[in-house]
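User: Please take one part of this model and look at it closely, then follow its connections outward. Plain wording will do, as I am in my first year.

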Amino acid sequence: KTHKFWESQPVGQFKDIGDSNLPEGPIEPPTLLSEVKQEPYNLPSQYEWTTCDMESDETCVEVYNLLKNNYVEDDENMFRFNYSQEFLTWALRPPGYYRNWHIGVRAKTSKKLVAFITGVPARIRVRDEVVKMAEINFLCVHKKLRSKRLAPVMIKEVTRRVHLENIWQAAYTAGVVLPTPITTCQYWHRSLNPKKLIDVGFSRLGARMTMSRTIKLYKLPDSPATPGFRNMELRDVPAVTRLLRNYLSQFVVAPDFDENDVEHWLLPTENVVDSYLVESPETHEITDFCSFYTLPSSILGNQNHSTLKAAYSYYNVSMKTPLLQLMNDALIVAKQKDFDVFNALDVMHNEPFLKELKFGPGDGQLHYYLYNYRIRHALRPSELGLVLL
Ligand SMILES: COc1cccc(CC(=N)NC(=O)c2cccnc2OC2CCNCC2)c1
């Protein structure tokens with residue numbers, strides 16, 4: 001399959017794989033800001049660019065509805081991500097965000113929002129280089145406008161606006177293979193409400209398994225096992241930042257979080273992100289941390305259920321409490337909060353607990369990409385310390 005667009009971009013090309021003469025790092029140098037295209041790229045004549053101000057309730061509802069009806073579906077088109085409005089405002093307004101990186105496309109006549117793409121600024125460390133990047137996400141074209149080649153011009157436009165802020169690298173994920181993944185992750189699911197998951201077709205009853213046997217198999221205790229396991233609070237930000245920075249330093253690619261970032265991304269926000277820590281009852285030292293974000297999916301075409309309540313593993317740090325026990329406590333609190341399923345990628349140190357804690361492999365892969373930054377050899381998922389929303 002020819003990648004007409006991606007072969008024109010400063011990304012690792014398939015033909016370059018294995019060429020160890022190519023240096024690791026930026027593929028193209030920055031250009032002078034005066035040389036960056038000053039005006040937006042041309043859209044087909046019946047469409048116009050718009051900046052989506054996520055602080056405006058009206059715009060946020062438009063973005064929410066566009067994604068709810070047209071964003072990513074699973075491979076069997078049974079589920080579609082249903083990011084909540086509060087999640088979207090959280091995801092798109094981190095410290096230092098740029099409103100004009102929240103880019104929409106409207107039909108000129110109806111003014112309907114028909115496409116969307118976003119960037120948020122992030123400091124990402126690659127080996128020992130901290131690089132200012134844009135995290136690109138929520139690329140969505142209305143189902144009725146697919147294969148009009150809108151995506152390439154939207155990617156060029158967000159790239160142009162990122163360049164205007166003197167940022168020359170980006171990070172993004174996709175369920176499809178593009179030139180060229182820095183790593184490819186498997187996703188895994190842990191049933192919390194197996195009866196509903198089987199009813200809606202997310203899971204299947206195992207061979208020689210009854211429903212009651214399956215419910216018993218996935219049963220969890222009513223409360224966490226670890227002494228000192230509690231919700232993260234504002235006063236914990238400095239300690240969690242230290243814990244997380246130290247833990248993430250072992251991975252090849254990871255966010256370079258400071259206290260402002262930790263306060264935004266990891267402080268519990270209802271219906272958006274949950275985070276817990278272990279405070280030693282004796283020393284009051286904070287020794288471990290775990291977190292997951294809330295991303296429901298619409299269930300397409302089921303009579304009894306319309307929404308799958310899913311938790312997605314975010315950042316976890318195990319220094320004293322075994323990761324297995326810490327993640328089992330995360331499963332326990334997720335079940336208490338009525339999540340139906342707990343999802344995770346095989347990144348960081350996740351792989352060992354995925355098998356132990358009764359996760360099942362998902363039917364797809366998530367590929368990670370860097371824009372305008374070459375990594376000499378693809379990473380193992382366990383070398384990746386970056387979780388995108
Ligand atoms: C269950 O409902 C779904 C609705 C749409 C797609 C998928 C499958 C899928 N593509 N899953 C993932 O990409 C995934 C699986 C485990 C952990 N994170 C994930 O994706 C995150 C990170 C990338 N942006 C989307 C959310 C499932």
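Analyst:
**The hairpin of strands 10 and 11**

Six residues lie between strand 10 and strand 11 in their hairpin, and one residue there, His284, has a positive phi near 65 degrees. Most residues other than glycine have a negative phi. The model is a predicted one.

Strand 10 covers residues 273-279, and seven of its seven residues are buried, so the strand is largely enclosed by the rest of the structure. Its side chains can be sorted by direction. Val273, Ser275, Leu277 and Glu279 point one way, while Asp274, Tyr276 and Val278 point the other way, and all of them are buried. The residues on both sides of strand 10 are thus buried, Asp274 and Glu279 among them.

What does strand 10 pair with? It pairs with strand 11 (residues 286-294) in the antiparallel sense, over seven bridges. In that pairing, Val273 stands opposite Tyr293 in strand 11. Strand 10 is also joined to strand 8 (residues 229-231), again antiparallel, by three bridges. Here Arg230 is the residue opposite Leu277 of strand 10. As background, strands of a sheet pair through backbone hydrogen bonds, either parallel or antiparallel.

Tyr293 leads from the hairpin to a group of rings. It belongs to a cluster linked by ring pairs, whose other members include Tyr71, Phe87, Phe138, Phe257 and Trp265. Tyr312, Tyr314 and Tyr315 are also in this cluster. In total the structure holds 27 aromatic pairs. One of them is formed by Phe5 and Trp6, which meet edge-to-face at 4.9 Å centre to centre, with 75 degrees between the planes. Both Phe5 and Trp6 are buried.

Trp265, another member of the ring cluster, leads on to a pocket. This is the second largest pocket, with a volume of about 380 Å³. Of the 28 residues that line the second largest pocket, Trp265 is among those nearest its centre, together with Val120, Pro121, Ala122 and Glu135. Several elements each supply at least two residues of the lining: helix 2 (85-92), strand 4 (113-126), strand 5 (129-141) and helix 7 (259-266). Strand 4 gives the largest share, six residues. Sorted by class, the lining has 19 nonpolar, four polar and five charged residues.

Glu135 can be followed further. It lies in strand 5. Is Glu135 buried or exposed? Its relative accessibility is 16%, so it counts as buried, the limit for that word being under 20%. Glu135 and Ala171 are 36 residues apart in sequence, yet their C-alpha atoms are 4.9 Å apart in space.

The number of Ala171 falls within strand 6 (residues 169-174), which is joined to strand 17 by five bridges and runs antiparallel to it. Ala170 stands opposite Tyr371 of strand 17 in this pairing. Strand 17 also pairs with strand 7 (residues 183-191), antiparallel and over seven bridges, and there His189 stands opposite Gly360.

The segment after strand 17 (359-371) holds Asn372. Like His284 in the hairpin, Asn372 has a positive phi, near 60 degrees, and is not a glycine. Its relative accessibility is 3%, so Asn372 counts as buried. Met348 also has a positive phi, of about 45 degrees, without being a glycine. Met348 sits in the loop between strand 16 (341-345) and helix 9 (350-356), and at 4% relative accessibility it counts as buried.

A further sheet can be described briefly. Three strands form it in the order 2-12-13, with antiparallel pairing, and the sheet is open. Strand 2 (79-81) and strand 13 (307-308) are at its edges with a single partner strand each, so one side of each has no neighbour in the sheet. Strand 12 (residues 297-299) is joined to strand 13 by two bridges, and Ser297 has Leu308 of strand 13 as its bridge partner.

Definitions and conventions. Residues numbered from 1 in each chain as written. Predicted model: local features only at pLDDT ≥ 70, side-chain atom pairs only at ≥ 80, totals over all residues. Heavy atoms only, no water. 1 Å grid on protein atoms, 1.4 Å probe; cavity = no way out; pocket = protein on both sides within 12 Å on 5 of 7 lines; lining within 4 Å. Points joined across faces, edges and corners; volume = space filled by probe spheres on them. Helix = DSSP H or I, 4+ residues; strand = E, 2+ residues; numbered from the N terminus. Nonpolar A, V, L, I, M, F, W, Y, C, P; charged D, E, K, R; others polar. Phe/Tyr/Trp six-rings, centres within 6.5 Å; stacked < 30°, edge-to-face > 60°. Buried < 20%, exposed > 50% of the residue type's maximum accessible area, 1.4 Å probe, protein only. Pairing = 2+ DSSP bridges.
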